[in-house]
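Let's take a walk through the aromatic rings of this protein. Please open the structure and keep the side chains in view as we go.

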Amino acid sequence: MSVVNHRTGTASRRGAPGFGLLLSLVAFSIAPFNVAVSSAPLLTGDGGTPAFYAWSEELDGQPGKILRQEPGPVDLANADRSVRILYISTDGLDGKRKVPVSGVLYIPKGVAPKDGWPLIAWAHGTVGVADVCAPSFGGRSERDVTYLNFWLQQGYAIVATDYQGLGVPGAHPYLATRPEAYSVLDSIRAVQRASFGLSKKVVVVGQSQGGAAAFATAAYAPSYAAELDIRGAVATGTPYFSPEAQAARRAKRSPDAVDGKLAYTFLLLSTVEQIDSSFSMTDFVTDAAQPVVIGVSKTCLRQIARQIIDAKLTYNLSFKKDPAPMLSKVVELMGYPTLSIKAPVFLGTGGRDADVPPEVQLHLGADACANGTRIEQHVYPELDHSGAVNASTVDSVVFVRKIFAGEEIGGNCASRPRL
């Protein structure tokens, strides 16, 4: 499969559409995963980013080492300065190989506390799999700009990874939680080891794909980065692929409806290509959907969804062979190694979330509570997937302040919201 390498898209993107049909195609197994990584040519989406993102030398050093840095984007008004970084992480698919990952550190305005700026590690939502979609290069949605500016205004520094394979050479393993978690944890290591005046205290914050990344980061931290002081996690619109949570969704999705959310299925199939050398997306899609496959390699989520809608593609019109059996190959990658998290977790849910349905998120809260995690879950009845992000700060800011202050977080498992 040929890979198209050139920059597309705009500098700022709106919030992503939801997981939709993808959520009804896969189920979830709560277990660590061990996959064989494909050596076949991949739909990597490589190219279009400047030389800063490329690294041709040996990756000499431990995960968390900064390879290079430069002044970062000036996209957040409440930042005093930003620093774009390229750092070493571990390939989350094979768990062994070193990989370069890019990201940005934002320092808030004002005078740092005597023990340094408390740190928020931001895990972004779905942007696509092409390099040009990396937020440190391609920009952030207006929603995310508002959200991150809010946290900066509270006096928190922010380190924002792009995740493995975005911006840098190599494929992005979309929705695979271990690569995301490793990228987040090593971004924390990178900025805390450097001279940026940061505290050792960290809270991980994420939305949608990043909500899963934030939850996974808290889950993987004790085994992968035990030296880090991860105080807690804040996750909104968080996916969870349990069979119970998805049962109702499968019955509601029409395979003959035109739906831009099909973009998520195409993005996830690019992950299948990374772990199964016998699979090629082009063998499964119709001629009408072939331009969408090419679009996955060179454009970002919003453009892919628009392409699907403009072509009036449905699930049945997109695939000549059912991809569900292939999607099942990545089920384990989308899971969490445990639902028993040592640090407390805030879950924010829009009651009208059509992207990651509230039932799914409430199942996650229930199962995590049953496993002993201190969950504080809030539902915002009139808000959707995107709207709940900034609205949830009325509650999450209190949660985060208490965590950084060292106050006990008991959670609300006994009185969690119900639909």
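What follows looks at ring pairs, then at charges placed over rings. Keep in mind that this is a predicted model.

A pair of aromatic rings is described by the distance of the centres and the angle of the planes. Counting the aromatic pairs here gives 15. A good one to begin with joins W122 and Y147: the ring centres are 5.5 Å apart and the planes meet at 55 degrees, so this pair is tilted, since an angle between 30 and 60 degrees is neither stacked nor edge-to-face. The two partners come from distant parts of the chain, 25 residues apart, with W122 in strand β4 (residues 117–123) and Y147 in helix α3 (residues 142–153). Both sides of the contact are hidden from solvent: W122 is buried at 1% relative accessible area, and Y147 is buried at 0%.

Now move along to F346 and F399, another tilted pair, with 5.6 Å from centre to centre and 55 degrees between the planes. F346 belongs to strand β8 (residues 345–350) and F399 to helix α14 (residues 393–404), so the pair ties together parts that lie 53 residues apart in sequence. Here, too, F346 is buried, with a relative accessible area of 0%, and F399 counts as buried at 1%.

Let's return to W122 and Y147 for a wider view. Ring pairs link these two with F150, W151, Y156 and F404 into a cluster.

Finally, look for charges over rings. The charged end of R68 is placed over the ring of F52, 5.9 Å from the ring centre. Likewise, K321 has its charged end over the ring of F284, at 4.4 Å from the centre.

Conventions:
Residues are numbered from 1 along each chain as its sequence is written. This is a predicted model: local features need pLDDT of at least 70, side-chain atom pairs count only at pLDDT 80 or more; totals for chains, interfaces and linings use all residues. Side-chain values use heavy atoms; hydrogens and water are left out. Rings of Phe, Tyr and Trp (its six-membered ring) pair if their centres lie within 6.5 Å; planes under 30 degrees apart count as stacked, over 60 as edge-to-face and the rest as tilted. Helices (H or I, at least four residues) and strands (E, at least two) are DSSP runs, numbered from the N terminus. Buried means under 20% relative accessible area, exposed over 50%, partly exposed in between (1.4 Å probe, protein chains only). A charge sits over a ring if NZ of Lys or CZ of Arg is within 6 Å of the ring centre and within 35 degrees of the ring normal.
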